[in-house]
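Me: I am in my first year and still learning how to read a structure. Could you take a single part of this one and go through it closely, step by step, before placing it beside its surroundings?

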Amino acid sequence: MGHVKRSGQLVIGLVIAALAVAYTIRNISVDDLLNSFTQIEFQYLAMTTLLMVATYWARVYRWQALVSPIKPVRIRELLSPLMVGFMAAVLPARAGEFVRAYLLGKSQNISFASSFATIVIERLFDMLMLLLMLTWVLMFQGEVFESGASWSGITIEDLAFQFGLLSLVLVSTLVGFIFLLTWKRDLAMDLVGLFLKPFPENWQEKLSGLIRSFGDGLEVVRNPRALIIISLSTVLVWTLIVLAYYPLYFAYDLNNTSIISPILLTLMICILITVLPTPAFLGSFNAGVLIALHEIMNEAELAAVSFGFVAWGLNMLVVTIGGVYFIVHDHISLKKIAEMDPEV
């Protein structure tokens, strides 16, 4: 039954991806698009690829700081689940995050819930960084939205504002939940018990155990030194993400090469892949690039579309090569990943 459900989710995701790609290339000739790929100079592709690789090194150092309060783990032992997990973005419903937690738990004898808690903290820091960038753009660079560009009937400014508002609510909820589980565990478990009352007793015990194990993975928030490292590495991660797109600005000879453009580009990509979580973010990533570069920054539509496919393709190349290498090197079973059964 689980396989049927996952297959259905994949089909739906692929349909959405196809529609998003169709939206992206609706005004572009396929011949013109293919020809645009042949005009890019190799050094720009190489620079972007190296910066993308650097983002994953920064991510793995941050993850090491997140995992260290649970168990000291070497960088090499974290790089494998990280790259395989990001490659698993081709699966529906953000399954790559669960794959990461599963592989870390299996290789380091850490419970799945505790492993997953480190990824939740990681995403919390990412969301905080996105909120800071979005707030800066809306407050100090609001004129970029004066074009009145819209997507699916909603203005881009409203879309960005609603995304920020929803993210703020989610961040606040997560912070409150993490605070209770870390410093007020008994109160948190009492509240959890109230929510679990309608469930059968065996389910209550299992879910309570999962939440307690999840709480064990939050110990990093008690460690000021680790939090400083995580904060600094988060800034580094997102600086590299923004800079990774920058060489392509020169590859396509874009008009606006100010820092606001790649920041806005990064924000729109993040908003679209959140709103439309397609397999491998195909289509949603491209739509985010098109909206940022063409609709908002008024760059040529062909350049924006081609830019989106090249940026998406290079990132997928990096994670695919990394993921396949570690699957082969570490003898990771794809069948076990597909049938993974997280345990407390």
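Reply: Helix H12 covers residues 284-296, and because a helix should span 1.5 Å a residue, its 13 residues lead us to expect 18 Å; the C-alpha atoms at its two ends lie 17 Å apart, which agrees. Please keep in mind that this is a predicted model, and that the values here are computed from it.

The agreement in length does not make H12 straight, since the helix bends by about 25 degrees at Leu-290. Leu-290 is also one of the buried residues of H12, and in this it has many companions, for 11 of the 13 residues of the helix are buried, so that H12 is mostly covered. The buried residues run from Ser-284 through Phe-285, Asn-286, Ala-287, Gly-288, Val-289, Leu-290, Ile-291, Ala-292 and Leu-293, and Ile-296 completes the list.

After H12 comes Asn-298, whose phi is positive, near 60 degrees. This deserves a second look, because most residues other than glycine have a negative phi. Two further residues invite the same attention. Asp-253, which is not a glycine, has a positive phi near 50 degrees, and it lies in the loop between H10 and H11. His-331, again not a glycine, has a positive phi of about 55 degrees, and its place is the loop between H13 and helix H14 (334-338). Exposed here means a relative accessible area over 50%; Asp-253, at 64%, is therefore exposed, and His-331, at 69%, is therefore exposed too.

To place the helix beside its surroundings, we can turn to the largest pocket of the model, which holds about 1300 Å³ of space. The pocket is lined by 49 residues, and those closest to its centre are Arg-94, Glu-97, Arg-123, Ile-273 and Phe-281. Several helices each supply at least two residues of this lining, among them H10 (224-251), H11 (260-275) and H13 (301-329), and the largest share, eight residues, comes from H6. Sorted by class, the lining has 36 nonpolar residues, eight polar ones and five charged ones.

Taken together, H12 is a helix whose end-to-end distance agrees with its number of residues, which bends at Leu-290, and which is mostly covered.

Conventions. Residues are numbered from 1 along each chain as its sequence is written. This is a predicted model: local features need pLDDT of at least 70, side-chain atom pairs count only at pLDDT 80 or more; totals for chains, interfaces and linings use all residues. Side-chain values use heavy atoms; hydrogens and water are left out. On a 1 Å grid over the protein atoms alone, a cavity is a set of points where a 1.4 Å probe fits but cannot get out, and a pocket is an open set with protein on both sides within 12 Å along at least five of seven lines; lining residues have an atom within 4 Å of a point. Grid points are joined across faces, edges and corners, and a volume is the space filled by probe spheres set on the points. Helices (H or I, at least four residues) and strands (E, at least two) are DSSP runs, numbered from the N terminus. Ala, Val, Leu, Ile, Met, Phe, Trp, Tyr, Cys and Pro count as nonpolar, Asp, Glu, Lys and Arg as charged, and the others, Gly among them, as polar. The expected span of a helix is 1.5 Å times one less than its number of residues. The bend at a residue is the angle between axes fitted to the seven residues ending there and the seven starting there. Buried means under 20% relative accessible area, exposed over 50%, partly exposed in between (1.4 Å probe, protein chains only).
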